[in-house]
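Welcome! Here are a few short exercises to work through with the model open beside you. Try each task before you read its solution.

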Amino acid sequence: MSTSVGTVLAEITVPATADGAAALLAWADRQTTGLGTGRRAWALDGARCHGVGLLRVLRAAGEDVLEAPKPATGRRRRGGKSDALDATHAARAVLAADHVATPRTDGDREALRLLHVCRRHYSDTRTATINLFKSVILTADDDLRTQMRGLSTLRQVQHATTLTTTSDGDVLDQLRRTQLATLAEQILTLNQLLKTNLTEIRTLVNKLCPALLDQPGIGPVTAAITLTAWSHPEFPPL
C-alpha cells in the first residue's frame, strides 16, 4: 500500500487463492481505516493474465482497479525481482501515468477477444499445414503429382484423404501417402474450426453492435477487432 505520491506505507504477501484475496481485502480495510475519505484504488499488473483472479475478486467487492502499464525494458530487472518490488513498481507506474486504464471486463467483449485470438491461431496453423502439405506433394512420385496437378487446394486436400497404401508398395511412397492423408484431415478440421469460429463471432457482433456489419468493408472479424479495442467499462455501448 502506498500514498498518492508513491510512498510505501505497508506491505503484505498473500497466496494467489480466493482465501488470499479475501485476506488482502480485509488487510486493506484495516490499513485504510482512519485515513480519510480519499479514493482507494488498486494497481494491478497482468490484469488479464496471471492477475485475472484477483481482478474478478476486487471488482466483485466494488473496488476501483487500474491496470499498471508495462515497465520499460530492463527497468524492473535493474532493481531486482520480488513480489514486493513488483507491487511497488505497479503502484508508482499508475501514479506516474498521464492516462490510466481500467482492465478489460469479462463478458461478451472478452468472449469476442478470445474467439479472435483462437481464430488467428487456427488460421496460422492452417497456413503452415497447407504449406507442408504442398511441399510433400512437390517431392512425390510422378503418379501422385499427376493426380494432384490442376486441382485446387481444397480438391487436393479432399483427394489426399482417399489415398491408400499397399503392403507391397515402396516404403517412402507409403509413408508419403499416409502423411498426406493425415495433413489433409488436419486441414479439413481447421477449416471447420474456422467456419464455426466465424459463426460464433458473427453472433456476438450482432448481439453487441449489429450496425457495424452494415458498414461497407466491415465483416465479422473486422467488427470483432473494433469492438474488443474498447472493452473498458467506462465506454458506453454503441
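**Exercise 1.** How many disulfides does the count come to?

*Solution.* Keep in mind that this is a predicted model. A disulfide is a covalent bond between the sulfur atoms of two cysteines. For the count, the two sulfur atoms must lie within 2.5 Å. By this rule there are zero disulfides. Now look at two cysteines: Cysteine 118 is partly exposed, at 28% relative accessible area, while Cysteine 209 is buried, at 8%.

**Exercise 2.** Find the order of helices and strands from the N terminus on.

*Solution.* Start with the totals: the protein has nine helices and two strands. Then follow the chain, and you should read α-β-α-β-α-α-α-α-α-α-α.

**Exercise 3.** Check the span of helix H4 (residues 83–96) against its expected value.

*Solution.* H4 has 14 residues. The expected span is 1.5 Å times one less than the number of residues, so H4 should cover 20 Å. Its end C-alpha atoms are 20 Å apart, which agrees. While you are there, spot the buried residues Asp86, Thr88, Ala90, Ala91 and Val94 in H4.

**Exercise 4.** Describe how helix H5 (residues 108–138) meets helix H7 (residues 153–160).

*Solution.* First, the axes: they come within 12 Å and cross at roughly 70°. Angles of 65 to 115 degrees count as roughly perpendicular, so that is how H5 lies to H7. Next, the residues: Ile130, Phe133, Lys134 and Ile137 in H5 meet Thr153, Gln156, Val157 and Ala160 in H7. Finally, sort the residues of this contact: five are nonpolar, two polar and one charged.

Definitions and conventions
Residues are numbered from 1 along each chain as its sequence is written. This is a predicted model: local features need pLDDT of at least 70, side-chain atom pairs count only at pLDDT 80 or more; totals for chains, interfaces and linings use all residues. Side-chain values use heavy atoms; hydrogens and water are left out. Axes are lines fitted to C-alpha atoms, for helices over the stretch in contact, and angles run from 0 to 180 degrees between N-to-C directions. Helices (H or I, at least four residues) and strands (E, at least two) are DSSP runs, numbered from the N terminus. Angles under 35 degrees count as roughly parallel, over 145 as roughly antiparallel, 65 to 115 as roughly perpendicular and the rest as oblique. Contact means heavy atoms within 4.5 Å. Ala, Val, Leu, Ile, Met, Phe, Trp, Tyr, Cys and Pro count as nonpolar, Asp, Glu, Lys and Arg as charged, and the others, Gly among them, as polar. Buried means under 20% relative accessible area, exposed over 50%, partly exposed in between (1.4 Å probe, protein chains only).
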